[in-house]
Each structure stands twice: as structure tokens, then as C-alpha cells.
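Subject: Handing over a structure for you to look at

Dear colleague,

I am passing on a structure that you may like to open in a viewer before you read further. Please take a moment with it, and then come back to the notes underneath.

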Amino acid sequence: MSKTDRPIRVRRSFIFAPGTNPDMFPKALACGTDIVCVDLEDAVAPQDKAMARSQAFARLPGAQGPESVERIIRINCLRTLDGMADVKALLENPVPAVMLPKVRGPEEVKNLADLLDEYKLPTRLHVIIETNEALEAAHEIARSSDRIEALFFGGVDMAADLRCKSTWMALQYARSRVVHAAATMGLDAIDVPYLDLNDQEGMQKEASLAAELGFTGKGAIHPKQIPLLNAIFSPDAAAVDYATRVLEAFAKAPTGLLVFEGQLIEKPVLRSLARMLEVHRIASAQKR
């Protein structure tokens with residue numbers, strides 16, 4: 001699938017819900033986020049993995065909440081026994097999408113995709129880039145399966161793997177590499193949550209920098225962060241108006257080139273503007 005063939009989905013914000021507490025699933029789905037990811041990995045203690053697995057696969061698909069919210073289960077690392085048990089549960093109780101943590105290379109993704117093909121399941125894949133090996137192979141991972149719809153940047157684990165501080169400057173190269181890999185295949189790129197709940201200004205600054213770098217969304221650790229994230233990763237009225245006028249002018253242009261308000265507009269820019277308008281249209285429809 002080429003990057004221009006992929007359906008556009010709004011993924012401005014996401015939030016985790018622990019698999020051990022299915023009563024939280026409807027609350028998470030109703031909090032205004034674009035993605036709810038039920039976690040079987042970091043948020044679940046080893047002794048609770050089996051119980052969380054059973055509850056997540058049984059209850060997330062039918063949990064009450066807006067249909068527009070994407071529902072994902074973050075399974076355990078595929079190189080672990082818990083990860084293998086999660087895959088078995090997935091094959092027995094299919095869900096629309098799963099998130100893959102601790103990936104090291106494209107083979108892991110391809111192996112799972114091949115297994116899903118064998119069982120004729122439509123499950124989509126979201127891959128976290130949070131290891132040094134995955135960062136090195138980010139472009140190969142992005143190309144490894146048409147089932148992949150987004151790359152997530154796991155900044156905390158990445159900083160530990162790279163032996164650097166978890167600051168914007170220290171991780172800017174890693175973030176850029178994830179964005180470039182995602183853009184190559186037309187995938188969404190989702191940035192790591194901002195972990196200081198009391199620093200709203202810091203979160204706004206980091207989210208704005210992430211949007212400027214090319215990320216399409218960012219994680220939240222609390223519902224109160226979501227309205228700001230949705231606003232930052234949505235085009236404002238001025239951007240929507242400009243994009244609309246440019247595309248209307250291009251539709252009337254006699255050639256493939258357009259000079260608009262003194263600027264030369266080429267086809268890659270037009271594709272970007274068209275995508276932005278589609279994100280705006282979908283997000284606006286979801287509000288109604």
C-alpha cells in the first residue's frame with residue numbers, strides 16, 4: 001500500500017487504560033481522546049498479566065463509548081512468554097488493533113503480520129519505536145507490513161537505551177528519525193506523553209514542538225491534557241481557510257503549477273494541505 005492510498009484517521013491524542021481495570025474502559029473512551037490503548041505491558045504487574053489479558057480482549061471491543069475513538073490493546077513484547085500468550089488471545093478473540101512494544105526490528109512485525117494473514121484477521125498494527133535497535137531500523141520497520149498505521153515514539157525507554165536525558169534536545173534526533181520513517185510510508189507519528197501533570201505550560205511547549213517537527217499526535221497521562229493536545233494537533237481556522245483557498249485555486253489552474261499570493265505551490269504541498277483539511281473535516285464531524 002502506498003502512502004497516498006492509506007485512509008486518513010484523526011490521531012491527535014491517546015491515553016492508556018490498565019487492562020486490570022475494565023471499569024475504566026468506558027471512562028477513557030468518553031474523555032475526548034482519539035485513541036484509547038488498554039495496556040497489558042508496563043501498567044500490569046507480572047502476577048496480573050493473565051487476568052488483564054482475559055479482561056482486555058473480552059471487554060474492550062464492546063465497551064460503551066464513541067465509535068469514533070480508536071481502540072487498541074498494547075500487548076507485551078513479542079519476545080516474551082506473556083507476549084506469546086497475548087498473541088494467542090488475539091487469534092482467539094480478535095480486536096481491531098494492537099500496539100507492539102520493545103520492537104527491535106522489522107522481522108518481529110512481519111512475523112506477526114504473516115500470522116494474522118494466515119488466520120485471515122484484519123487487525124491493524126501500531127509500533128512503538130523505543131529501543132536503539134528499532135531506531136536504527138525505523139524505516140525498515142515502517143515498510144515491514146501494510147497493517148501498520150502509526151509509529152509511536154517511546155521517549156522514556158529510548159532515553160534509557162541511549163543513555164541520555166529525557167529532554168527535548170537530547171531526543172530530537174530520535175524523534176526526527178521516527179517522523180521521517182512514518183512519513184516515508186504515510187503513517188501517523190505519535191509522540192510520547194508528557195509526564196509532568198502539573199506542568200501544563202511545559203506540555204504545551206513540547207506538544208507544539210512535536211507538531212512542528214511532523215508528529216500528528218501525542219500521548220496523555222490524564223484526561224485534562226487531552227483538550228490542549230487536540231487543539232495543538234488540529235489546524236486552526238486561518239490554516240483551514242488558507243488550505244481551502246489554495247486547493248480551490250489549484251482546481252481552476254490550467255497547469256500543474258500554481259502561484260498563489262506570490263508563492264509557488266507544488267504538488268507535495270497540495271497533498272499536505274489536502275490531508276490537513278481531511279483531518280479537520282473528520283475531527284469536526286466527530287464533535288457533532
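What follows goes through one helix, two pockets, the aromatic pairs and one buried acidic residue.

Please keep in mind from the start that this is a predicted model.

A good place to begin is helix H8, which covers residues 168-184. With 17 residues at 1.5 Å a residue, H8 should span 24 Å, and because its end C-alpha atoms are 23 Å apart, the expected and the computed lengths agree. The helix does have a bend, of about 30°, which is found at Ala-174. Ala-174 is also among the buried residues of H8, which include Trp-168, Leu-171, Arg-175 and Val-178 as well. When you look at how such residues are placed, it may help to recall that an α-helix has 3.6 residues a turn, so residues three or four places apart point the same way. Just after H8 comes Gly-186, which takes a positive phi of about 70°.

Where, then, is the largest pocket, and which residues are closest to its centre? The largest pocket has a volume of about 1100 Å³, and of the 36 residues that line it, the closest to its centre are Gly-186, Leu-187, Asp-188, Thr-216 and Arg-275. Two or more lining residues come from each of strand E6 (148-153), H8, strand E7 (188-191) and helix H12 (267-287), and H12 gives the most, with six residues. Sorted by class, the lining of the largest pocket holds 18 nonpolar, six polar and 12 charged residues.

The second largest pocket has a volume of about 370 Å³, and among the 21 residues that line it, Phe-16, Asp-42, Arg-74, Val-192 and Pro-193 are the closest to its centre. Strand E1 (13-18), E6, helix H7 (155-162) and E7 each supply at least two residues of this lining, which is made up of 14 nonpolar, two polar and five charged residues.

Turning to the aromatic rings, the count comes to three aromatic pairs. In one of them, Phe-14 and Phe-152 meet edge-to-face, with 5.1 Å from centre to centre and 80° between the planes. Phe-14 lies in strand E1 and Phe-152 in strand E6, so this pair ties together parts that are 138 residues apart in sequence. Phe-14 counts as buried because its relative accessibility is 3%, and Phe-152 counts as buried because its relative accessibility is 3%. Ring pairs also link Phe-14, Phe-16 and Phe-152 into a cluster.

Another edge-to-face pair is formed by Tyr-242 and Phe-260, at 5.8 Å centre to centre and with 75° between the planes. Tyr-242 is in helix H11 (residues 237-252) and Phe-260 in strand E9 (residues 258-260), 18 residues apart. Is each partner buried or partly exposed? Tyr-242 has a relative accessible area of 25%, and is therefore partly exposed, whereas Phe-260, at 10% relative accessibility, counts as buried.

Finally, please look at Asp-39, which lies in strand E2 (residues 35-39). Since buried means under 20% relative accessible area, Asp-39, with 2%, is buried. Asp-39 and Ala-17 are 22 residues apart in sequence, and their C-alpha atoms are 6.0 Å apart in space.

With best wishes

How values were computed: Residues numbered from 1 in each chain as written. Predicted model: local features only at pLDDT ≥ 70, side-chain atom pairs only at ≥ 80, totals over all residues. Heavy atoms only, no water. Helix = DSSP H or I, 4+ residues; strand = E, 2+ residues; numbered from the N terminus. Expected span 1.5 Å × (residues − 1). Bend = angle between axes of the 7 residues up to and from the residue. Buried < 20%, exposed > 50% of the residue type's maximum accessible area, 1.4 Å probe, protein only. 1 Å grid on protein atoms, 1.4 Å probe; cavity = no way out; pocket = protein on both sides within 12 Å on 5 of 7 lines; lining within 4 Å. Points joined across faces, edges and corners; volume = space filled by probe spheres on them. Nonpolar A, V, L, I, M, F, W, Y, C, P; charged D, E, K, R; others polar. Phe/Tyr/Trp six-rings, centres within 6.5 Å; stacked < 30°, edge-to-face > 60°.
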